[in-house]
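Morning, everyone. I have one structure to walk through today. Please have a look at it before I start.

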Amino acid sequence: MQQWLVVVLQGVYGLCAVGLATYSVHSAWLVWQSRRCTSPPAPPPPAQWPRVTIQLPVYNERHVVERLIDACVQQDYPRHLLQVQVLDDSEDDTALLVDRRCAFWQGEGRQVEAVRRSSRGGFKAGALAHALPRATGEYIAIFD
């Protein structure tokens, strides 16, 4: 009886080893194939680029707000067609950081503005609704 159990366990072990070896060879083959392939060509630019507004609703996010603004302003998009709205409802020193970054990018000729409200009614949705009439883009991107 014990000999039979040893044979079965060795068979299961061998089957698992063959499965893992097959998986490893297949993974190596996929890596090799991916290095051979070239990426598809970039699509041609559109005849006319649309205006885009990026809205950034923030609330007391002093640790990330500067990097967030910088990343959005530096999008690979024609600068004269990109507007960034920072919808700032903050109650801490985030507002100061937002104003500094917006002033910096405005000095670089970018369309960046801080939009603030007197109350936080509606929270994030309220901030988005408040800023929407000031948006100039045909498309609105909300990065939260």
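What share of the 144 residues in the protein is buried? The figure is 29%. Keep in mind that this is a predicted model.

Let's take the overall build. The protein has four helices and four strands. Helix and strand take turns along the sequence: α-β-α-β-α-β-α-β. The radius of gyration is 27 Å, while the globule rule gives 15 Å for 144 residues, so the protein is more spread out than a compact globule. For the dimensions, look at the C-alpha trace. Along the principal axes it spans about 80 × 40 × 25 Å.

Now the contacts. Count those with a separation of 6 or more. Of these, 75% join residues that sit 24 or more positions apart.

Next, the surface. The accessible surface adds up to about 10,200 Å². Carbon and sulfur atoms hold 62% of that surface.

And charge? How many positive and how many negative side chains does the protein have? There are 14 positive and 14 negative ones. The centres of the two sets are 6 Å apart.

Let me zoom in on two residues. The first stop is Cys72. You will find Cys72 in helix 2, which runs over residues 65-73. Is Cys72 buried or exposed? Its relative accessibility is 4%, and buried means under 20%, so Cys72 counts as buried. What does Cys72 touch, leaving aside residues up to four places away in sequence? The list is Ile54, Leu56, Leu82, Val84 and Phe143. Now look across to Thr38. Cys72 and Thr38 are 34 residues apart along the chain. Their C-alpha atoms are separated by 29 Å.

The second stop is Gln85. This residue belongs to strand 2, residues 82-88. Gln85 has 0% relative accessibility, so it counts as buried too. Which side chain does the side chain of Gln85 meet in a polar contact? The partner is the side chain of Glu113, at 3.4 Å. Again, set aside residues up to four places away in sequence. Gln85 then touches Thr53, Ile54, Gln55, Leu56, Glu113, Val115, Ala131, Arg134 and Ala135.

Put the two stops side by side. Ile54 and Leu56 are among the residues that Cys72 touches. Ile54 and Leu56 are also among those that Gln85 touches. Find that pair on your screens, and we can take it from there.

Methods
Residues numbered from 1 in each chain as written. Predicted model: local features only at pLDDT ≥ 70, side-chain atom pairs only at ≥ 80, totals over all residues. Heavy atoms only, no water. Helix = DSSP H or I, 4+ residues; strand = E, 2+ residues; numbered from the N terminus. Rg over C-alpha atoms; globule rule 2.2 N^0.38 Å. Buried < 20%, exposed > 50% of the residue type's maximum accessible area, 1.4 Å probe, protein only. Contact = heavy atoms within 4.5 Å. Areas by Shrake-Rupley, 256 points an atom, 1.4 Å probe, with all protein chains shown as cover. Lys, Arg positive; Asp, Glu negative; His and termini not counted. Charge placed at Lys NZ, Arg CZ, Asp CG, Glu CD. Polar contact = N/O pair within 3.5 Å; in protein donor to acceptor, adjacent residues only side chain to side chain.
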